[in-house]
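Trainee: I have a structure open and would like to learn how its labels are earned. Could we go through some of them together?

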Amino acid sequence: MSHLLRNNKPLLSRVRRIKGQAEALERALEGDADCTAVLQQIAAIRGAVNGLMAGVLEDHIREHIGAADISAEARNAEIDQLVGILRSYLK
């Protein structure tokens, strides 16, 4: 996924925000925070991870599966690999 290396600043920013959210969740759990606050933090983390996944997935589809110069065999292999990743992610 070398195309990610060209534009990784936004991805790294997202990952760093997710890391901060996870650290806030850890502090909340260690500090015996209110259940509602913990649930909200978990929901925020899940939303952030889903957003990250959607962005990387879109780039992957456009750059690899949608590439004009890819053979049918290579495209099918990419699709099979992506389907496996999506099944794992959606479990």
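**Reading the labels**

Trainee: Why is Arg 62 called exposed?

Mentor: Its relative accessibility is 57%, and exposed means over 50%, so Arg 62 earns the label. Keep in mind that this is a predicted model.

Trainee: What makes the contact of Arg 62 and Glu 58 a salt bridge?

Mentor: The nitrogen-to-oxygen distance between their side chains is 3.0 Å. The rule asks for a side-chain nitrogen of Lys or Arg within 4 Å of a carboxyl oxygen of Asp or Glu, so this pair passes. By that rule, the count is one salt bridge. Both residues sit in helix α3, four residues apart, which is about one turn of the helix.

Trainee: Why is Glu 58 called partly exposed?

Mentor: Its relative accessible area is 41%. Partly exposed lies between 20% and 50%, so Glu 58 belongs there.

Trainee: And which label does Val 49 get, and why?

Mentor: Val 49 has 32% relative accessibility, so it counts as partly exposed. Val 49 is also found in α3. Together with Tyr 89 and Leu 90, Val 49 forms a nonpolar surface patch with about 270 Å² of accessible area.

Trainee: Which residues of α3 are buried?

Mentor: Among them are Val 38, Ile 45, Leu 52 and His 60. Buried means under 20% relative accessible area.

Trainee: What caps the N-terminal end of α3?

Mentor: Asp 34 does: one of its side-chain oxygens lies 3.2 Å from the backbone nitrogen of Thr 36. Helix α3 itself covers residues 35-65 and reaches 43 Å between its end C-alpha atoms, close to the expected 45 Å.

Trainee: Now for helix α2. How do you know that its span agrees with what is expected?

Mentor: Helix α2 has 22 residues (9-30), which should span 32 Å at 1.5 Å a residue. Its end C-alpha atoms are 31 Å apart, so the two values agree.

Trainee: Which residues of α2 are buried?

Mentor: They are Leu 11, Ile 18, Leu 25 and Ala 28.

Trainee: How do you know that they line one face of the helix?

Mentor: Looking down the axis of α2, the buried residues fall within an arc of 105°, so they line one face. On the other side, Lys 9, Arg 16, Lys 19, Arg 27 and Glu 30 are exposed.

Trainee: What comes just after α2?

Mentor: There you can look at Asp 32, which takes a positive phi of about 60°.

Conventions:
Residues are numbered from 1 along each chain as its sequence is written. This is a predicted model: local features need pLDDT of at least 70, side-chain atom pairs count only at pLDDT 80 or more; totals for chains, interfaces and linings use all residues. Side-chain values use heavy atoms; hydrogens and water are left out. Helices (H or I, at least four residues) and strands (E, at least two) are DSSP runs, numbered from the N terminus. The expected span of a helix is 1.5 Å times one less than its number of residues. Buried means under 20% relative accessible area, exposed over 50%, partly exposed in between (1.4 Å probe, protein chains only). A polar contact is a pair of N or O atoms within 3.5 Å; within protein, one must be able to donate a hydrogen and the other to accept it, and residues adjacent in sequence count only if both atoms are side-chain atoms. Patches are made of residues with over 30% relative accessible area and no salt bridge: like charges are joined within 9 Å, nonpolar side chains (Val, Leu, Ile, Met, Phe, Trp, Tyr) within 5 Å. Accessible areas come from the Shrake-Rupley method with a 1.4 Å probe; for residues, only the protein chains shown count as cover. The arc is that of the directions from the helix axis to the C-beta atoms.
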